[in-house]
Amino acid sequence: MQLTLEFGGGLELLCQSVKIHNVDVDQAGEEKLTMRHLLSWVRTNLIKERPEMFMKGDTVRPGVLVLVNDCDWELSGQLDTTLDDKDVVVFISTLHGG
Amino acid sequence: MESNGVHSSLILQEIEKLKAEKKDIENRISVLEAQLNDVVAKEGTVSSSSCPPLSITYLGLEHGLSPEMIYRYSRHLLLPNFGVQGQSNLLKSSILVVGAGGLGSPALLYLAACGVGRLGIVDHDVVELNNLHRQIIHAEAYIGQSKVKSAAAACRAINSSIQIVEHKEALRTSNALEIMSKYDIVVDATDNAPSRYLISDCCVVLGKPLISGAALGLEGQLTVYNHNGGPCYRCLFPTPPPTTACQRCSDSGVLGVVPGVIGCLQALEALKVASAVGEPLSGRMLLFDALSARIRIVKIRGRSLNCEACGENAAFTRQFFQNFDYEKFTQSPLSTTPLKLKLLPETARISSEEYKERVANGEAHVLIDVRPAHHFKIVSLPKALNVPLSTLEAQLSAISSALKDEEERKGLGSGSNASLYVICRRGNDSQRAVDCLHKMGFSSAKDIIGGLESWAQNVDPNFPTY
C-alpha cells in the first residue's frame, strides 16, 4: 500500500532528518492496514535512533500528535484506524518553545 | 467626615447635571435622526456624491468611538465584516499576553496597535543581546532591563490611548488566578512545558479562552483552547512528554521570523475572539514549516469527557490548581535557567581556571569538545578535537590515537600518560561523555566544569558566548 508519511516538530531527527517519506507498506496478508500495524512498520523501517522518542508501549509517546489525512487520529479510532492507498499520515511532536 | 460629605454631594450634583445634558443631546440626536429619515424617504436614497448632512457625523458618536478613535482605527472601520461593532468590542476587551519573547513581541505590538482596551504583559526576564534577532519589541537600549518594562514602553509609543498593565513576575500557581482573572482572553507566548499546562489549567478554572502558540527551529504551531466547547491543552496532551522531547530555543536554535509569524497569528486569533468576528482556530491546529514553506491546518479532537482539567468529572478547582506542582508533573523547571547536571565525583572534574593553568604549564593532554559539529564551527578552544557526544562511542579509537600522538610529541616515556579533558557548552554533556569514557576504559578522563561558558566567564572574557 502506497502511503505518504511525514515527520515534524523534531521527530524527523529520528529518521535521518528526512521529513517526507513515500513508502510502500506490506499489508502482511491482512485485509486492512491499521495504524497499529503502521506504527510497528515505521519503528522497524524508518526510525534510525532513539525509538523511545517515537513510541511508548504499542503507541506513540506522549506529546506526539498523529494525523491521518489532516485529522487527529483520536477522531478515527487511534490504533484501530484503517488506512487506504495514498493516505497521508503525519507524526508531529508538540513544540514548547517561543 | 463633613468635608467628605460636601465633596460627595458636589459630585452627585455634577453627575445629575451631566445626565441632564446627556438626555438633552440624545433628544437632539433623535430629532436629527427623524429629520434625516424624512430626507432619505423623500430622496429615495442619499446620493453618494453629495456632501453628507452634518447630522451623520453626530450619528457616528452613538457607538462611543471618539473622533480620534474613528481616525486612528478608520481602516478597521472600513471593513464591512469588522466595522464599528468589531472595533467597539475590541476597545472594551482585555487581553493578557504571558511572555514578552519571540511570540509575545509581535503579538503585543499588533494588539496594542489595533486598540485592545486593556493589554497586560507578564514576564520576569530581562532583555539580552541574543534575544533581539527575534524579540522585535525590544530595542538595544533596553538590554539588561525588564522585558515587561521594555515591551510596555514600545506598546505605549505605538498607542497611548489604551491601558497597558505591567506584571513583572513569573506566572506561578500562587499568582496566576489573580492576574488572569482580570482579563477576558489569555495569549500563551511562553517557552516551556510546565507553563503551558499551568496557563491552560488556569484558563479552564477561570473559563477564559486561550490563544496558544509555539515555535522552535523552523517550525511553529498555533491553536485556540478552551473556547466555545473546544478542547483544552490537557485534552490534547493528557500526559506530559519526556523532558528530552522538550527542546528550548536556547539549545536548539530558532529562526527569528518563525515565532514572528506565529506571534502575529496569535494576535489575529486574539483579536477575532475579542471582537467576536470570524471563526477562531478552535478544534483545529495550524502547523507551520518555514523551511518547506508549508502551512497545514488540521482537525483536532474535541473536548475530552475524561479530561482531568475540563472533563465531565474533573475536580480541577481553584484550590486544586493552587496546590498543583507543575514542575514535578512535567519534570522540567518553569524558569528558563539551564540545567546544571551533577553526574560526576569532584575527582573527575576540573575548573576552567585549572585547565588554563595546566595548558600554560605545558601538560601533555588531549581536549575533546563533545558539542555538535555546527556548535563547534561557531567557536572552539585551540587544539580541541571535536567528537560530538552522539558519535563518541564510535570514535574511541580516534581518541586513543590522539592520546598516543600527544604522548609521542611530548616525549613521555612508558608509564606516564597524556591527560584527557572533555568540554562542552555548559558542562552537562561533558559529564555525560566522561561518564561514558570511564565505562569504556578511559578512567582518567575529566570534564571541565561549566564548559565554554565558564571559560568565557572566568578565564577569557573575550571568548565568544552564544
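Reader: Which residues of helix α5 (residues 83-92) of chain B are buried?
Author: The structure shown here is a predicted model, and a residue in it counts as buried when its relative accessible area is under 20%. In helix α5 of chain B, the residues that are buried are G83(B), G86(B), Q87(B), S88(B), L90(B) and L91(B).

Reader: What do the buried residues of α5(B) pack against?
Author: The partners of these buried residues belong to chain B, and each of them is a helix. They are α3 (67-72), α4 (74-77), α6 (104-114) and α12 (257-275).

Reader: At what angle do α5(B) and α12(B) pack, and is α5(B) roughly parallel or roughly perpendicular to α12(B)?
Author: Two packed helices are described by the angle between their axes and the distance between the axes. The axes of α5(B) and α12(B) are 8 Å apart, and the helices pack at an angle of about 100°. Angles from 65 to 115 degrees count as roughly perpendicular, so α5(B) stands to α12(B) as roughly perpendicular.

Reader: Which residues of α12(B) do G86(B), N89(B) and L90(B) meet?
Author: G86(B), N89(B) and L90(B) lie in α5(B), and two of these, G86(B) and L90(B), are also listed among the buried residues of that helix. On the side of α12(B), the residues they meet are L271(B), A274(B) and S275(B).

Reader: Where do K272(B) and E269(B) lie, and how many residues apart are they?
Author: The side chains of K272(B) and E269(B) meet in a salt bridge, with 2.9 Å from N to O. K272(B) is buried at 18% relative accessibility, and E269(B) is buried at 6%. Both residues lie in helix α12 of chain B, about one turn of the helix from each other, that is, three residues apart.

Reader: Which residue of chain A forms a salt bridge with R296(B)?
Author: Side chains of opposite charge can pair when their charged atoms come close. For R296(B) and its salt-bridge partner, the closest N and O atoms are 2.6 Å apart. This pair crosses between chains, starting from strand β8 (residues 294-299) of chain B and ending in strand β1 (residues 2-8) of chain A. The partner in chain A is E6(A).

Reader: Are R296(B) and E6(A) buried or exposed?
Author: R296(B) has a relative accessibility of 17%, and E6(A) has a relative accessible area of 16%. Because the limit for this class is under 20%, R296(B) counts as buried, and E6(A) is likewise buried.

Reader: Which side chain does R296(B) join in a polar contact of 2.5 Å?
Author: Leaving aside its neighbours within four places in sequence, R296(B) is in contact with residues of chain B, namely M285(B), L286(B) and L287(B), and with residues of chain A, namely E6(A), D70(A), V88(A) and V90(A). From this list, the side chain joined to R296(B) by the polar contact of 2.5 Å is that of D70(A).

Reader: How many residues apart in sequence are the parts that D251(B) and R425(B) tie together?
Author: The side chains of D251(B) and R425(B) meet in a salt bridge, at 4.0 Å from N to O. D251(B) lies in helix α11 (residues 249-252) of chain B and R425(B) in the loop between β12 (419-423) and α18 (429-439), so the pair ties together parts whose separation in sequence is 174 residues.

Reader: Is D251(B) buried or partly exposed?
Author: Its salt-bridge partner R425(B) is buried at 10% relative accessibility. D251(B), at 40% relative accessibility, counts as partly exposed.

Reader: Which elements do the buried residues of α18(B) pack against?
Author: The buried residues of α18(B) are S430(B), Q431(B), A433(B), V434(B), C436(B) and L437(B). They pack against elements of chain B, and these are β9 (349-350), α17 (396-409), β12 and β13 (446-448).

Reader: Which backbone oxygen does the side chain of R134(B) reach?
Author: UniProt, in an unreviewed entry, places the feature "binding site" at positions including N130(B), H133(B) and R134(B). R134(B) is in the loop between β2 and α7 of chain B and is buried, with a relative accessible area of 12%. At 3.5 Å, the side chain of R134(B) reaches the backbone oxygen of N130(B).

Methods
Residues numbered from 1 in each chain as written. Chains lettered and ligands numbered in written order. Predicted model: local features only at pLDDT ≥ 70, side-chain atom pairs only at ≥ 80, totals over all residues. Heavy atoms only, no water. Buried < 20%, exposed > 50% of the residue type's maximum accessible area, 1.4 Å probe, protein only. Helix = DSSP H or I, 4+ residues; strand = E, 2+ residues; numbered from the N terminus. Contact = heavy atoms within 4.5 Å. UniProt positions renumbered as here; feature names shortened; annotations may be inferred. Polar contact = N/O pair within 3.5 Å; in protein donor to acceptor, adjacent residues only side chain to side chain. Axes fitted to C-alpha atoms, helices over the stretch in contact; angles between N-to-C directions. Parallel < 35°, antiparallel > 145°, perpendicular 65-115°, else oblique.
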